[in-house]
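Please open the model in your viewer and keep the sequence beside it, since each stop on this tour asks you to select something and then look at what surrounds it.

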Amino acid sequence: MFSSCHVVITEILPKWGVTYELVKANDKAAWEKALSKPTKAVFIETPSNPLMEIVDIRFVSDLAHKVGATVIVDNVMASPVLQKPLELGADVVMYSATKHIDGQGRVLAGALLGSFEYIYEKLIPFTRHTGPSLSAFNAWVLVKSLETMDLRVTRMAENAQTIAEFLETRKEIKSVRYPGLPSHPDHEVIKKQMKAGGTTIGIEFTGTQKDAFRFMDSLRIIDISNNLGDSKSLITHPASTTHRRLSPDVQAEMGITPSVLRLSVGLEHIDDLIKDLAQALNS
Ligand SMILES: Cc1ncc(COP(=O)(O)O)c(C=O)c1O
């Protein structure tokens, strides 16, 4: 799970008396146990950042609705192109529009989707008085970006699939976590709920953090940056950047070791990307 969401749930909300229970993404028995008691809301991130863990949205939504919970899905990693949580039973979908929706690193923005009743009776009365409003210019940039989002994400996911298959053949890589690979432990659920494997790959290096850093520094086309879903391919080291706020224990529980990297695949020519990755691995 993205670290700020983890901090909101485990550190900020409890100050208002909200209690929570964390459930392992694909542990169906744990979901059944957790959702056997009255619950207000279920928050799901699938695929997860950075290691592409998968929650079965239909399964959890059915359980949640039986106990009266609202199901909120963080659909940032899949994007609206590859996964449609409202059609799978969710009630609210959340986006960082800074990712695939903008797709070119220009705008900080977010979006929430839900029923007419949710938007007009719950969300707007709250946002109107609390300030999260987008500037007109940024809204215009995003509307223009939506015109090309489907094309961009479809091509980026094709590139990511080819790269994930390439990385699986390399001895320098201990494991590749990508929803489009048959080796993904939740491949069957993925086939049910995603149109393709997504644009982001979780990579664990065989070596140490130093080896992972040397690899990143050797890349020439792929840039080091914390964004994802961008037309430009970007690589990041979650343990020291996006997820550094989490304690080493929580990082370890999420599988974020010092040799884990997250690769967001962009729109460059696939041959150039493979060549860049190969020369960096060889170095
Ligand atoms: C899965 C996920 N959810 C939410 C966010 C939050 O995005 P923002 O920082 O644009 O609010 C991110 C950012 O990386 C993310 O990866």
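Select Gly-131, the residue that comes after helix H5, and check its backbone: phi there is positive, near 100°. Helices (H or I, at least four residues) and strands (E, at least two) are DSSP runs, numbered from the N terminus. This is a predicted model, in which local features need pLDDT of at least 70 and side-chain atom pairs count only at pLDDT 80 or more, whereas totals for chains, interfaces and linings use all residues. Residues are numbered from 1 along each chain as its sequence is written, and side-chain values use heavy atoms, with hydrogens and water left out.

Now step back into H5 itself, residues 116-130, and select Leu-123, where the helix bends by about 45° and is followed within four residues by a proline, Pro-125; the bend is the angle between axes fitted to the seven residues ending at a residue and the seven starting there. The end C-alpha atoms of H5 are 20 Å apart, which agrees with the 21 Å that its 15 residues should span at 1.5 Å a residue, the expected span being 1.5 Å times one less than the number of residues.

On the other side of Gly-131, select Ser-133, which lies in the loop between H5 and helix H6 (136-168). Is Ser-133 buried or exposed? Its relative accessible area is 63%, so Ser-133 is exposed, where exposed means over 50%, buried under 20% and partly exposed in between, with a 1.4 Å probe and protein chains only. Measure from Ser-133 to Gly-110 if you like: they are 23 residues apart in sequence, and their C-alpha atoms are 9.7 Å apart in space.

The next stop is the ligand, which is surrounded by several residues, among them Phe-2, Glu-45, Asn-49, Val-76 and Met-94, each with a heavy atom within 4 Å of it. Show the polar side-chain atoms here: one of Asp-74 lies 2.6 Å from a nitrogen atom of the ligand, and one of Ser-96 lies 2.6 Å from an oxygen atom of the ligand. An N or O atom in the side chain of Lys-99 is 3.3 Å from an oxygen atom of the ligand. On its own the ligand has 390 Å² of accessible area, and the protein covers 76% of this, as computed by the Shrake-Rupley method with a 1.4 Å probe.

Then move to the loop between strand E1 (41-45) and helix H3 (57-66), where Ser-48 is found. Two cis peptide bonds can be displayed here, one joining Thr-46 and Pro-47 with omega about -10°, and one joining Asn-49 and Pro-50 with omega about 5°. Ser-48 is buried because its relative accessible area is 5%, and a polar atom of its side chain lies 2.8 Å from the backbone nitrogen of Glu-53. In the same loop between E1 and H3, select Met-52, whose phi is positive, near 60°, although Met-52 is a residue other than glycine; at 2% relative accessibility, Met-52 counts as buried.

Finish at Ser-231, in the loop between strand E7 (223-224) and strand E8 (234-236), which counts as buried at 16% relative accessibility. Leaving aside its neighbours within four places in sequence, Ser-231 is in contact with residues including Gly-103, Arg-152 and Glu-268, where contact means heavy atoms within 4.5 Å.

Methods:
A polar contact is a pair of N or O atoms within 3.5 Å; within protein, one must be able to donate a hydrogen and the other to accept it, and residues adjacent in sequence count only if both atoms are side-chain atoms.
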